[in-house]
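Thanks for asking me to look at this one. Here are my notes, in numbered points, to read alongside the structure.

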Amino acid sequence: MMASNTLIQRHPTVAVQVGHVTVGGHAPVVVQSMTNTDTADALRTAIQCAELAQAGSELVRITVNTQAAAEAVPEIRERLDKMGCNVPLIGDFHFNGHKLLSAVPACAEALAKYRINPGNVGRGKNRDEQFAQMIEFACRYDKPVRIGVNWGSLDQELLARKLDENSKLSQPLELYEVMHEALIESALTSAAKAEEYGLPHNHIILSCKLSEVQGLIRAYRDMASRCDYPLHLGLTEAGMGSKGIVASTAALSVLLQEGIGDTIRISLTPEPGASRDKEVIVGQEILQALGLRSFTPQVVACPGCGRTSSDYFQHLASQIQTWLREQMPSWRSQYPGVEAMSVAVMGCVVNGPGESKHANIGISLPGSGEVPVAPVYEDGHKTVTLKGDAIAQEFQGLVQAYIERTYKREVA
């Protein structure tokens with residue numbers, strides 16, 4: 001059963017409205033993702049945005065790097081609206097955002113939020129002017145802004161100044177310490193400037209991304225102690241496969257457990273040809289594992305051992321888990337609360353009956369040398385025993401019936 005989320009006290013932040021989604025305040029932690037299509041291809045980008053939203057991404061960021069991309073943004077928004085997909089779009093700007101928003105006002109209006117990187121918004125005397133122009137557009141169209149600092153594109157002028165100041169100290173700090181402070185200062189001073197230029201305090205979200213776990217944890221702890229802006233968490237360039245998943249989970253789980261973080265993105269490098277929605281699922285599973293949110297019924301399954309007589313339980317667990325996730329888009333409205341349900345698929349008698357009793361509904365399959373029957377438990381009570389060649393289909397039918405009976409929306 002899903003644990004209470006009252007164990008985690010959220011770090012207090014102001015609430016920022018991004019389209020219809022609230023980030024910060026008392027709102028749940030929001031999952032977001034980013035497209036990897038050419039934004040100028042409005043059709044492909046709209047399709048991928050819709051796919052990510054279908055997977056559960058509550059905000060979707062798109063690259064806006066050329067005039068063609070900026071001109072495509074209103075069309076992408078229109079296509080999504082026609083699909084019935086209201087996911088807010090975030091414009092990711094680097095180097096030339098001030099020019100693009102000026103040249104294509106419809107882009108500025110269609111986006112729900114702008115992302116600005118202080119490290120590459122401009123150089124020298126142009127930096128403040130171009131940053132101010134971006135903030136001016138945000139004010140004009142009443143859009144929130146994420147000021148996103150990244151150690152791979154840190155403001156070099158700021159870093160040079162910090163290094164110069166450090167060299168004059170009687171006991172200079174290590175380079176890592178100087179970079180850490182430069183990252184935090186870049187985010188906080190940029191936020192202060194944005195407010196000076198007229199952007200409301202409740203229109204600012206901050207991020208301070210690194211690709212190193214301990215550094216990320218330290219940076220966000222520091223940020224959380226020095227401001228009340230909502231914080232966007234993400235281990236930048238997390239990597240591929242299990243490495244990216246494990247590193248992101250390790251970093252974000254520590255921070256989320258401490259109540260730090262209002263929106264997250266898992267920056268996985270997708271396998272060639274693989275779906276982009278893996279990062280969305282991982283983000284959801286991190287939040288659900290911590291008890292912060294529920295997105296889809298969770299399947300509890302044993303790893304298997306010498307007692308398990310076949311891989312039947314593995315196939316059944318995979319089949320049930322895939323089926324549950326596929327049904328969630330329609331189940332959310334039909335069966336409120338079903339996302340918090342737990343299903344157990346166990347492979348032998350050692351922990352099988354106990355885990356099945358702890359779940360909302362569970363099945364304990366026979367292991368090696370055990371009687372070839374599979375007892376099913378619902379809310380801690382044995383209800384039926386399955387046997388034969390159709391156990392998988394019969395159990396799926398029992399799960400469906402349990403959901404319909406337990407979570408069906410009351411008709412007023």
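**Notes on the sheets and helix packing**

1. Let me start with the mixed sheet. In this predicted model, 5 strands form an open sheet in the order E13-E14-E15-E16-E17, and their pairing is mixed. The edges are taken by strand E13 (298–301) and strand E17 (381–386); each has a single partner strand, so one side of each is left without a neighbour in the sheet. From one strand to the next, the twist averages 20°.

2. A closer look at one pair in that sheet may help. Strand E16 (residues 374–378) and E17 run antiparallel and are joined by 5 bridges. If you want a residue pair to check on screen, Ala374 has Leu386 of E17 as its bridge partner.

3. Which helices go with these strands? Helix H13 (residues 391–407) packs on the sheet and touches E14, E15, E16 and E17, with its direction at about 160° to that of E15. Helix H11 (residues 312–334) lies across E13, strand E14 (342–346) and strand E15 (361–364), and runs at about 160° to E14.

4. Now the parallel sheet. This open sheet has 8 strands in the order E8-E7-E6-E5-E4-E3-E11-E9, with parallel pairing. Strand E8 (204–209) and strand E9 (232–233) are at its edges; a single partner strand is paired with each, so each has one side without a neighbour in the sheet.

5. Within the parallel sheet, strand E3 (residues 30–34) pairs with strand E11 (residues 263–264) in the parallel sense, over 2 bridges. Here Val30 has Thr263 of E11 as its bridge partner. Two helices that pack on this sheet are worth following: H7 touches strand E7 (145–150) and E8, and its direction makes about 165° with that of E8. H8 touches E8 and E9, and its direction makes about 150° with that of E8.

6. How do H7 and H8 pack against each other? H7 and helix H8 (residues 213–226) meet at an angle of about 45°, and their axes are 10 Å apart. H7 is therefore oblique to H8, and the crossing is right-handed. From H7, the contact takes in Tyr176, Glu177, His180, Glu181, Ile184, Ala187 and Leu188, which meet Gly215, Arg218, Ala219, Asp222, Met223 and Arg226 in H8. By class, these residues divide into 6 nonpolar, 2 polar and 5 charged.

7. H7 also packs with another helix. Helix H5 (residues 126–140) and helix H7 (residues 175–196) make an angle of about 60°, with axes 10 Å apart. That angle makes H5 and H7 oblique to each other, and they cross in the right-handed sense. H5 contributes Arg127, Asp128, Phe131 and Ile135 to the contact, while Ser190, Lys193 and Ala194 come from H7. The contact of H5 with H7 has 3 nonpolar, 1 polar and 3 charged residues.

8. Finally, a word on confidence. The average pLDDT over the protein is 94, and 98% of the residues score at least 70. Over residues 1–5, however, the pLDDT is below 50, although this stretch has 11 contacts in the model beyond near neighbours in sequence. Where pLDDT is low, predicted coordinates should not be read in detail.

Note on methods: Residues numbered from 1 in each chain as written. Predicted model: local features only at pLDDT ≥ 70, side-chain atom pairs only at ≥ 80, totals over all residues. Heavy atoms only, no water. Axes fitted to C-alpha atoms, helices over the stretch in contact; angles between N-to-C directions. Helix = DSSP H or I, 4+ residues; strand = E, 2+ residues; numbered from the N terminus. Parallel < 35°, antiparallel > 145°, perpendicular 65-115°, else oblique. Left-handed = near helix turned anticlockwise from the far one by under 90°. Contact = heavy atoms within 4.5 Å. Nonpolar A, V, L, I, M, F, W, Y, C, P; charged D, E, K, R; others polar. Pairing = 2+ DSSP bridges. pLDDT = per-residue confidence, 0-100.
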